[in-house]
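Work through the exercises below with the sequence and the coordinates at hand. Each task is followed by a solution in steps.

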Amino acid sequence: MGKITGFLEFERDDRGYEPVEERVKHWREFVLPLSEGETTTQAARCMDCGVPYCHGTSIMTGAPTGCPVNNLIPDWNDLVYRGDWEEAARNLHSTNNFPEVTGRVCPAPCEASCTLNIDDNPVTIKTIECAIADRAISQGLRPEPPTEKTGKKVAVIGSGPAGMACAQQLARAGHDVHVFEKYAKAGGLMRYGIPDFKMEKHHIERRVDQMEAEGVTFHYNAYVGVNVDAAKLVAEYDAVVLAGGAEKGRDLPIPGRGLKGIHFAMEFLPQQNRRVSGEAQVPGAEPILATGKHVVVIGGGDTGSDCIGTSFRQGALSVTNFEIMPQPPEKENKLLTWPDWPWKLRTSSSHEEGAERDFAVGTIEFSGENGHVAKLKCAKVDDKFQPMPGTEFDVKADLVLLAMGFVSPVHEGMIKSLALELDPRGNVKADTVFYRSSNPKVFACGDMRRGQSLVVWAIREGRQAAHSVDKFLMGSTTLPR
Ligand SMILES: Cc1cc2nc3c(=O)[nH]c(=O)nc-3n(C[C@H](O)[C@H](O)[C@H](O)COP(=O)(O)OP(=O)(O)OC[C@H]3O[C@@H](n4cnc5c(N)ncnc54)[C@H](O)[C@@H]3O)c2cc1C
Ligand code: SF4
């Protein structure tokens with residue numbers, strides 16, 4: 001433990017944001033990092049608790065508290081406090097392949113589990129993580145190629161955080177790893193879903209360069225089950241890992257859904273990310289823009305937030321955000337929730353940019369003029385999500401974005417052609433010990449296995465699947481679980 005009285009001496013201090021009126025004029029990240037001295041002071045607040053709940057899911061109990069990749073948080077807080085940034089970076093990378101990503105976009109369940117969160121004053125863990133990662137990267141991200149090759153070939157399908165983490169681990173274990181990605185660039189939802197203002201894409205490019213130097217081969221525009229034969233991959237490779245995400249968006253099949261101007265979030269967000277990075281749009285895709293429009297975003301999660309921030313930057317006239325769940329409490333009951341992830345009102349930086357939010361709202365009907373959406377008929381809903389009579393209201397809309405989550409992976413193509421067993425929610429069936437599907441040579445991880453989740457869970461699953469694949473190929477493994 002660094003400074004024994006640190007938590008008594010120093011208040012929590014976290015990264016700020018550029019003012020709204022400035023940040024909505026551009027697409028860059030707008031979080032203002034702490035100085036080195038401020039970060040060191042924040043690290044000094046860590047109490048190195050006897051039971052560090054922040055450190056993550058208990059292997060003994062399986063309790064899902066804290067960091068899903070089991071970052072060794074008290075250890076690197078201490079190293080930062082003592083100024084040993086190099087060892088802190090080595091320690092952080094021993095559990096997390098992409099800490100510069102989680103340091104930007106993770107909701108930080110670690111901070112919810114921090115003992116100092118009992119009085120709303122957790123250590124600024126995510127900020128310290130990001131500072132360690134950014135500092136290490138600015139000094140040069142070194143590839144870690146294997147000393148020996150195994151002669152085994154592994155195909156990883158999908159280059160999101162699960163596929164990238166899995167591929168990196170397997171390449172470092174000496175396997176010849178080939179990543180097949182249906183889009184033109186790597187990153188999955190980190191590239192095409194999460195907007196640049198939350199995470200600029202050069203962070204992904206740098207990791208791709210590192211992975212290529214470690215021996216990973218990326219195959220782009222390679223859509224397995226469409227222009228790459230899935231069964232042939234299974235026959236030709238020693239193991240295949242499916243990390244294709246959960247891409248089937250939840251729809252809202254109500255009257256008027258067929259009107260123009262109503263789109264899934266994942267039709268809207270990737271277009272903007274491609275514009276920012278200068279990538280060509282998908283051929284034939286009609287441009288979807290919020291410029292000069294009244295926008296309604298249906299769904300109050302991360303994806304909804306990203307639609308709001310993107311709409312404001314495109315110059316929307318107004319953005320309204322509806323959530324079907326009731327409004328959570330401003331503050332959780334710590335005795336009931338800590339150290340678990342609490343259900344409480346969360347206001348994202350995008351919400352702060354001026355969105356009108358309402359909760360317990362259901363949409364009954366879309367109506368329009370000349371085939372284009374113009375209005376939503378909504379109502380307040382009861383605890384069974386049924387519209388309550390007498391609460392109906394209309395909202396003007398020129399653009400409606402559906403951000404109500406994802407149902408499952410897409411089954412057509414790869415999954416169907418491999419005839420894989422599915423779990424009751426339609427995800428590829430595989431457990432979290434072996435990550436093996438109903439085909440013994442085929443493994444599954446990330447959103448494709450667990451359903452829609454978070455980057456940090458995808459990294460965890462990618463790493464754990466790599467451990468299992470290495471053991472399957474070699475009989476034993478030194479890769480961490
Ligand atoms: C808009 C949005 C914002 C989000 N914001 C956050 C956030 O702030 N923080 C957070 O922690 N999480 C966030 N998430 C969730 C997070 O991005 C996902 O949980 C995570 O990316 C899942 O990783 P994955 O590798 O399993 O799948 P994905 O990231 O979905 O990657 C799957 C990849 O597989 C490719 N693929 C699919 N099928 C095939 C095939 N047949 N052949 C070849 N390639 C294929 C896809 O093109 C894609 O590149 C967000 C999600 C969305 C949609
Ligand atoms: S990865 Fe997420 S949960 Fe883990 S330390 Fe970083 S911010 Fe916290």
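The domain bounds used here come from an automatic or database domain assignment. The model is a predicted one.

**Exercise 1. Domains and ligand 1**

Task: Determine where ligand 1 lies with respect to domain 2 and domain 3.

Solution.
- Step 1. List the domains: the chain is split into domain 1 (6-138), domain 2 (153-247 + 408-474) and domain 3 (251-404).
- Step 2. Relate domain 2 to domain 3. Their centres, taken over C-alpha atoms, are 29 Å apart, and 10 residues of domain 2 are in contact with 12 residues of domain 3. The side of domain 2 that touches domain 3 consists of 5 nonpolar, 1 polar and 4 charged residues.
- Step 3. Collect the shell of ligand 1. It is surrounded by 39 residues, the closest being G158, G160, G188, G245 and G446. Two or more residues come from each of α9 (161-172), α10 (189-192), α14, α17 (447-450) and α18. By class, the shell holds 21 nonpolar, 13 polar and 5 charged residues.
- Step 4. Conclude: domain 2 and domain 3 both give residues to this shell, so ligand 1 lies between them.

**Exercise 2. Helix α14**

Task: Decide whether helix α14 is largely enclosed or not, and state what its buried residues pack against.

Solution.
- Step 1. Check the geometry. α14 (residues 302-314) has 13 residues and reaches 18 Å from its first C-alpha to its last, close to the 18 Å expected at 1.5 Å a residue.
- Step 2. Apply the burial cut-off: a residue is buried if 20 or more other C-beta atoms lie within 10 Å of its own. The residues of α14 that pass include D302, D306, F312 and R313.
- Step 3. Draw the conclusion: 12 of the 13 residues of α14 are buried, so the helix is largely enclosed by the rest of the structure.
- Step 4. Name the partners. The buried residues pack against α13 (265-277), β9 (294-298), β10 (318-322) and β15 (399-402).
- Step 5. Look past the end of the helix: G315 follows α14 and has a positive phi, near 95°.

**Exercise 3. The nonpolar cores**

Task: Find which residues have the most contacts inside the largest nonpolar core, and which helix gives the most to this core.

Solution.
- Step 1. The largest nonpolar core has 85 residues, and C166, V241 and F443 have the most contacts inside it.
- Step 2. Helix α18 (residues 455-474) is its main contributor, giving the most with 8 residues.
- Step 3. At least three residues of this core come from each of domain 1 (6-138) and domain 2 (153-247 + 408-474).
- Step 4. Take C166 as an example. Not counting residues up to four places away in sequence, C166 touches V156, V241, A243, C445, G462, A465 and A466.
- Step 5. Keep the other core apart: a second, separate core of 31 residues includes I262, A290, V319 and L376.

**Exercise 4. Ligand 2 and helix α8**

Task: Identify the element that gives the most to the shell around ligand 2, then state whether A131 is buried or exposed.

Solution.
- Step 1. Of the 14 residues around ligand 2, those that come nearest are C67, T102, C106, C110 and K126.
- Step 2. Two or more residues come from each of α7 (109-113) and α8 (125-138), and α8 gives the most, with 3 residues.
- Step 3. The class counts for this shell are 9 nonpolar, 3 polar and 2 charged.
- Step 4. A131 lies in α8. A131 is buried, because 27 other C-beta atoms lie within 10 Å.
- Step 5. Leaving aside neighbours within four places in sequence, A131 is in contact with P33, L34 and T39. A131 and V80 are 51 residues apart in sequence and 9.6 Å apart in space, C-alpha to C-alpha.

Note on methods
Residues are numbered from 1 along each chain as its sequence is written. Chains are lettered from A and ligands numbered from 1 in the order in which they are written. This is a predicted model: local features need pLDDT of at least 70, side-chain atom pairs count only at pLDDT 80 or more; totals for chains, interfaces and linings use all residues. A nonpolar core is a set of buried Ala, Val, Leu, Ile, Met, Phe, Trp, Tyr and Cys residues joined through C-beta atoms within 7 Å. Helices (H or I, at least four residues) and strands (E, at least two) are DSSP runs, numbered from the N terminus. Two residues are in contact if their C-beta atoms, placed from the backbone, lie within 7 Å. The expected span of a helix is 1.5 Å times one less than its number of residues. A residue is near a molecule or strand if its C-beta atom, placed from the backbone, lies within 6 Å of it. Ala, Val, Leu, Ile, Met, Phe, Trp, Tyr, Cys and Pro count as nonpolar, Asp, Glu, Lys and Arg as charged, and the others, Gly among them, as polar.
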